[in-house]
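User: Could you take me through one part of this structure in some detail? I'd like to see how a helix sits among its neighbours and how the aromatic rings around there are arranged.

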Amino acid sequence: MAWQSPNCVLQAMQSVRRSAAPWRSSLLQPSKTPTCPITRNAVPSLSQQQRTYATEVQAAPEIDFSAFHALPARIVPRSRSYFSGSPKFIDNILGLERLLAQNSALPTVPANEAPRKAWLKLAQFRDYVGEPVATKKYKNMLKLLQRLNRIDPAVIPAEVTAMLTEFLRPGNPYSFQPAPPTVDEMGRARGRGKRKESSAVATVVEGEGEVMVNGKTLAEAFPRIHDRESASWALRSSSRLDKYNVWATVRGGGTTGQAEAVALAVGRALMVHEPGLKPILRKAGVITVDARRVERKKPGHLKARKMPTWVKR
């Protein structure tokens, strides 16, 4: 079999071995320069190979933004919370927290002595910022507002006052107090009362003790004695049956609710004539009726209380 010269692939492998282990090349016989084009410049020599390490790599220098003579191609957001889900809400929270941190050392007043302010409702605040704000997050913001509002009005900074004003409801209901009821030029005093589904308006004037309800006498309006006594209880408990005349208008509900609504309206009108009767009427239970109270009915009926769990089936 005739001798064949090594092919190009074998010559390339031998060249790699000689470059990787130069000390072996002295022991081997020098070979002829390979004539295969693949081995030429295929593997660089040891002098051409330079090994680098991670510690030798230098970081990029810090960018000096003041050296720019033109605006960058990318717009820089004005708000730090631009990439969050609700940037405007978070900006408001950060602003309130910053003010609270700056003024935390200022004296405060009790919560019941702080100025009453009507804050924006959740729906109004969502329209104000234009973002879907969760109820829990909104309550946390209200706590910050209430804490800032407790700062003593004598030393509260103007910056805090301006911030709180932004969250006030339009037409603050606490800024307008209704005028106290007074006796008109004809000596009449008016009072309103509600009980269950009934509402009554009573006009009280000095007279002989006549009582009219919806244009009828007291006996015609309330056939039952218990209802008549309930309607006139404000006059009876204060011993003013023969001193004032009453004209009342009542609507809605049943006879019991209407009689108690008339009693409440007459009691409030009496306090306009004689404010000193308030302790007597309160002790008699005339002006302590809660208009929001609903009569508890038996189980199984509309608006009935729930059955206790221990009732036998």
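Analyst: Happy to! Let's start on the outward side of helix α5, where Lys-136, Lys-139 and Lys-143 are exposed. Please keep in mind that this is a predicted model.

Now turn the helix around. Tyr-138, Met-141, Leu-142, Leu-144, Leu-145, Leu-148 and Asn-149 are the buried residues of α5. Looking down the helix axis, you would find these buried residues within an arc of 160 degrees, so they line one face of α5. That face packs against α3, α4 and α6. As for its length, α5 has 15 residues and spans 21 Å from first to last C-alpha, close to the 21 Å expected at 1.5 Å a residue.

One of those neighbours, α6, runs over residues 158-166 and has Val-160, Met-163 and Leu-164 buried. These three sit on the same side of α6, because they cover an arc of only 100 degrees around the axis. The cover over them includes α5 (135-149) and also α3 (87-102).

Next, the rings. Tyr-138, which is among the buried residues of α5, belongs to one aromatic cluster together with Phe-89, Phe-125, Tyr-128 and Phe-167. The count of aromatic pairs comes to five. Take Phe-125 and Tyr-128: their ring centres are 6.3 Å apart and their planes meet at 40 degrees, so this pair is tilted. Both residues belong to helix α4 (residues 122-129), and because they are three residues apart there, about one helical turn separates them. What about their surroundings: is each one buried or exposed? Phe-125 counts as buried, because its relative accessibility is 0%. Tyr-128, with a relative accessible area of 44%, is partly exposed.

Phe-125 has another partner in Phe-167, and this aromatic pair is stacked, with 6.2 Å from centre to centre and 25 degrees between the planes. Here the pairing links distant parts of the chain: Phe-125 lies in helix α4 and Phe-167 in the loop between α6 and β1 (189-195), 42 residues apart. Phe-125 and Phe-167 are both buried.

If you want to trace this on screen, begin with the exposed lysines of α5, cross to its buried face, and then follow the aromatic cluster from Tyr-138 to Phe-125 and Phe-167, which are members of it too.

Notes
Residues numbered from 1 in each chain as written. Predicted model: local features only at pLDDT ≥ 70, side-chain atom pairs only at ≥ 80, totals over all residues. Heavy atoms only, no water. Buried < 20%, exposed > 50% of the residue type's maximum accessible area, 1.4 Å probe, protein only. Helix = DSSP H or I, 4+ residues; strand = E, 2+ residues; numbered from the N terminus. Arc of directions from axis to C-beta. Contact = heavy atoms within 4.5 Å. Phe/Tyr/Trp six-rings, centres within 6.5 Å; stacked < 30°, edge-to-face > 60°. Expected span 1.5 Å × (residues − 1).
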